[in-house]
Amino acid sequence: MDLTERPDFEFDVFSKKCPSRGTLEHVTGRWGTLTLGALYEGSFRFNELRRRVDGVSEKMLSQTLQALERDGLVHREAQPTNPPRVDYELTPLGREVAERLLSLIHFVQGRMDDVLEARERYDTARGGR
């Protein structure tokens, strides 16, 4: 959607036709959240970022970075060196989004004892897992 095709409605993520849904998916998917959280720490080269976001495949990280770059959350800087050097960092908008995600991440991490207890109660009530 280019700027001339802007919707004639207010953005509403609960509406299936709202473009904010796609951005929300990019931001809140596992790899998007972890990538934005990692980039909040600073600029990374691709392989550094892949090591920081443990478990992400090269293909998935590439797709995630492209989606976040398209949404204006990540800036990709390619330097014409041999071999080529590409750095990724958050845009100001990306920093703002990452700050909010990190609040949620820290909250969840801080409440994991409660989550693990709840899982144990759930599994016990259903005959174990």
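1. A good place to start is the pair Asp-114 and Arg-111, whose side chains meet in a salt bridge at 2.6 Å, N to O. The term stands for a side-chain nitrogen of Lys or Arg within 4 Å of a carboxyl oxygen of Asp or Glu. Asp-114 is partly exposed at a relative accessible area of 36%, and Arg-111 is partly exposed too, at 40%. Here buried means under 20% relative accessible area, exposed over 50%, and partly exposed in between (1.4 Å probe, protein chains only).

2. A word on the basis of these values: this is a predicted model, where local features need pLDDT of at least 70, side-chain atom pairs count only at pLDDT 80 or more, and totals for chains, interfaces and linings use all residues. Residues are numbered from 1 along each chain as its sequence is written, and side-chain values use heavy atoms, with hydrogens and water left out.

3. The salt-bridge count comes to 5. Among them is Arg-85 with Asp-87, where the closest N and O atoms are 2.9 Å apart. Arg-85 is partly exposed at 31% relative accessibility, whereas Asp-87 is buried at 10%.

4. Another salt bridge joins Arg-100 to Glu-96, with 3.8 Å between the closest N and O atoms. Both residues sit in helix α5, 4 residues apart, or about one turn of the helix. Arg-100 is exposed at 55% relative accessibility, while Glu-96 is partly exposed at 41%.

5. Which residues of α5 are buried? They are Gly-94, Val-97, Ala-98, Leu-101 and Leu-102. Because they cover an arc of only 145 degrees around the axis (taken from the directions from the helix axis to the C-beta atoms), they fall on the same side of α5. These buried residues pack against α1 (20–28), α2 (30–39) and β3 (85–90), contact meaning heavy atoms within 4.5 Å. On the other side of α5, the exposed residues are Pro-92, Arg-100, Leu-104, His-106 and Gly-110.

6. Leu-104, in helix α5 (residues 92–110), also contributes to a nonpolar surface patch of about 290 Å², together with Phe-107 and Val-108. Patches take residues with over 30% relative accessible area and no salt bridge, joining like charges within 9 Å and nonpolar side chains (Val, Leu, Ile, Met, Phe, Trp, Tyr) within 5 Å. The areas come from the Shrake-Rupley method with a 1.4 Å probe, and for residues only the protein chains shown count as cover.

Terms used
Helix = DSSP H or I, 4+ residues; strand = E, 2+ residues; numbered from the N terminus.
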